Each structure stands twice: as structure tokens, then as C-alpha cells.
Amino acid sequence: MNAAEPADPSAVDLPAAEALRLADRARAAAQAPGRLPGWYGPAFAVAFTVYGTGVGQAIGAGMGWLGGLFGALFAALTGALARVAVNQGGIVHRLAPGIGRPVVLAVLAVILVGLAALLLAWLAGGGARWMGAAVGVAAGAAFWVATDRLTASIRRMPAAR
């Protein structure tokens with residue numbers, strides 16, 4: 001380096017071991033899954049609520065066949081939401097090793113909360129309309145909470161090599 005040229009302020013002398021440690025941390029950070037978009041949990045909660053309420057209303061009106069139509073619409077909407085989330089990155093963009101158990105537990109939690117809401121609405125004397133709405137709201141809220149916990153759990157998992 002010439003004495004007339006200013007020294008590069010970004011140039012730092014690092015021992016090789018320290019440089020490798022920093023490079024490993026940078027690679028791990030780059031491979032770590034990002035959080036789901038902030039709208040993901042609330043959007044699914046609304047979708048569950050509308051679906052449960054719609055099915056309850058259809059059954060209450062004696063038009064149970066609409067439940068199948070609502071199910072198809074629910075699947076299309078939530079599939080589109082999931083696709084958008086995948087395109088934005090987040091936890092669904094990477095299948096982490098060991099993800100199966102937390103996902104199964106999250107799904108079971110949503111199902112159990114929905115069934116508990118159904119039972120409570122039935123015990124309270126609610127008809128199909130109230131039971132459907134109770135299941136939708138409870139399952140939606142449970143999905144939102146489970147998604148947040150699942151995101152945190154996955155972010156703590158080591159990156160796949």
C-alpha cells in the first residue's frame with residue numbers, strides 16, 4: 001500500500017479461526033428460516049371463522065351440501081394464502097429436520113380446541129349455527145397461536161446442511 005493512499009477502514013486483520021467462526025455464523029443466519037408474514041395467522045383465523053360459521057349456517061338451514069362447497073372454498077383460500085407465504089419465505093419455505101413432530105402437535109392442538117369449542121357450544125344448548133361458529137372461531141384462534149409457536153420452534157432448530 002502506498003503512503004499517499006488512505007487505508008481501507010473496512011479492512012480488519014482477523015485471525016483465521018475468528019474469520020471462520022464469523023463466516024459460519026453468517027451462513028447459519030442466511031440459511032435460517034424467516035418468520036411467517038405477520039398477516040398469516042390472522043388471515044387463517046378469519047378463514048377458519050368464516051368457514052365454521054358458514055358450515056354451521058348451512059347445516060342449520062338444512063342445506064348440508066353447502067358444507068362441501070364451503071370446504072372447497074376454504075381449501076382454495078388457505079392454499080392460496082400458504083402459497084403466498086411460501087413465495088415470501090418464512091418457515092414454510094424450508095423443511096427443517098425434525099419438523100414433523102411440532103407440526104403434528106400443532107395440528108392436533110387446533111383439532112382439540114375446535115372439538116372442545118363444539119362440545120361447549122353443544123352443552124350450552126347451541127344449535128348447529130352456534131356450534132359451527134364456535135368451532136370456527138376457536139380453531140382459527142388456536143391456529144394463530146399454534147403458528148406463532150411453531151414458527152418460534154422451527155427458528156430454534158439447527159439449519160439443514
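**Exercise 1. Describe the order of secondary structure elements along the sequence of this predicted model.**

Solution. Step 1: read from the N terminus, the pattern is α-α-α-α-α. Step 2: count the elements, which gives 5 helices and 0 strands. Step 3: turn to contacts along the chain. Of the contacts with a separation of 6 or more, 79% join residues 24 or more positions apart. Step 4: add burial and surface. Buried residues make up 30% of the 161 residues. The exposed area is about 10200 Å², and carbon and sulfur atoms supply 69% of this area.

**Exercise 2. Compare the span of helix 2 with the expected value, and list the buried residues of this helix.**

Solution. Step 1: helix 2 covers residues 40–60 and has 21 residues. Step 2: at 1.5 Å a residue, 30 Å is expected, and the distance from the first C-alpha to the last is 30 Å, close to that expectation. Step 3: the buried residues of helix 2 are Tyr-40, Gly-41, Phe-44, Ala-45, Ala-47, Phe-48, Gly-52, Gly-54, Val-55, Gly-56 and Ala-58. Step 4: look past the end of the helix. Gly-62 follows helix 2 and has a positive phi, near 75°.

**Exercise 3. Count the aromatic pairs and classify the pair of Tyr-40 and Phe-44.**

Solution. Step 1: the count is 7 aromatic pairs. Step 2: the ring centres of Tyr-40 and Phe-44 are 4.7 Å apart and the planes lie at 45°, so this pair is tilted. The angle falls between the limits of 30 degrees for stacked and 60 for edge-to-face. Step 3: place the two residues in the helix. Tyr-40 and Phe-44 are 4 residues apart in helix 2, which means a separation of about one helical turn. Step 4: check burial against the limit of 20%. Tyr-40 counts as buried because its relative accessibility is 7%, and Phe-44 is buried at 6%.

**Exercise 4. Which type of aromatic pair do Tyr-40 and Phe-143 form, and which helices does the pair link?**

Solution. Step 1: the centres of the Tyr-40 and Phe-143 rings are 6.3 Å apart, with 40° between the planes, and the pair is tilted. Step 2: Tyr-40 lies in helix 2 and Phe-143 in helix 5 (residues 128–156). The two are 103 residues apart, and the pair links distant parts of the chain. Step 3: both residues are buried. Step 4: extend the network. Ring pairs join Trp-39, Tyr-40, Phe-44, Phe-48, Tyr-51, Phe-74 and Phe-143 into a cluster.

**Exercise 5. Identify the residues with the most contacts inside the largest nonpolar core, and the elements that give two or more residues to this core.**

Solution. Step 1: the largest nonpolar core has 14 residues, and those with the most contacts inside it are Tyr-40, Phe-44, Phe-48, Val-110 and Phe-143. Step 2: two or more residues each come from helix 2, helix 3 (65–87), helix 4 (100–123) and helix 5. Step 3: set this beside a general tendency. In soluble globular proteins, nonpolar side chains tend to be buried together.

**Exercise 6. Trace the contacts of Phe-44 and Thr-78 beyond their sequence neighbours.**

Solution. Step 1: leaving aside neighbours within four places in sequence, Phe-44 is in contact with Thr-78, Leu-81, Ala-82 and Phe-143. Step 2: Thr-78 is found in helix 3 and is buried, with a relative accessible area of 11%. Step 3: with residues up to four places away not counted, Thr-78 touches Phe-44 and Ala-47. Step 4: consider the polar side of this residue. The Thr-78 side chain reaches the backbone oxygen of Ala-75 at 3.4 Å.

Notes. Residues numbered from 1 in each chain as written. Predicted model: local features only at pLDDT ≥ 70, side-chain atom pairs only at ≥ 80, totals over all residues. Heavy atoms only, no water. Buried < 20%, exposed > 50% of the residue type's maximum accessible area, 1.4 Å probe, protein only. Contact = heavy atoms within 4.5 Å. Areas by Shrake-Rupley, 256 points an atom, 1.4 Å probe, with all protein chains shown as cover. Phe/Tyr/Trp six-rings, centres within 6.5 Å; stacked < 30°, edge-to-face > 60°. Core = buried A, V, L, I, M, F, W, Y, C linked by side-chain atoms within 4.5 Å. Expected span 1.5 Å × (residues − 1). Polar contact = N/O pair within 3.5 Å; in protein donor to acceptor, adjacent residues only side chain to side chain.
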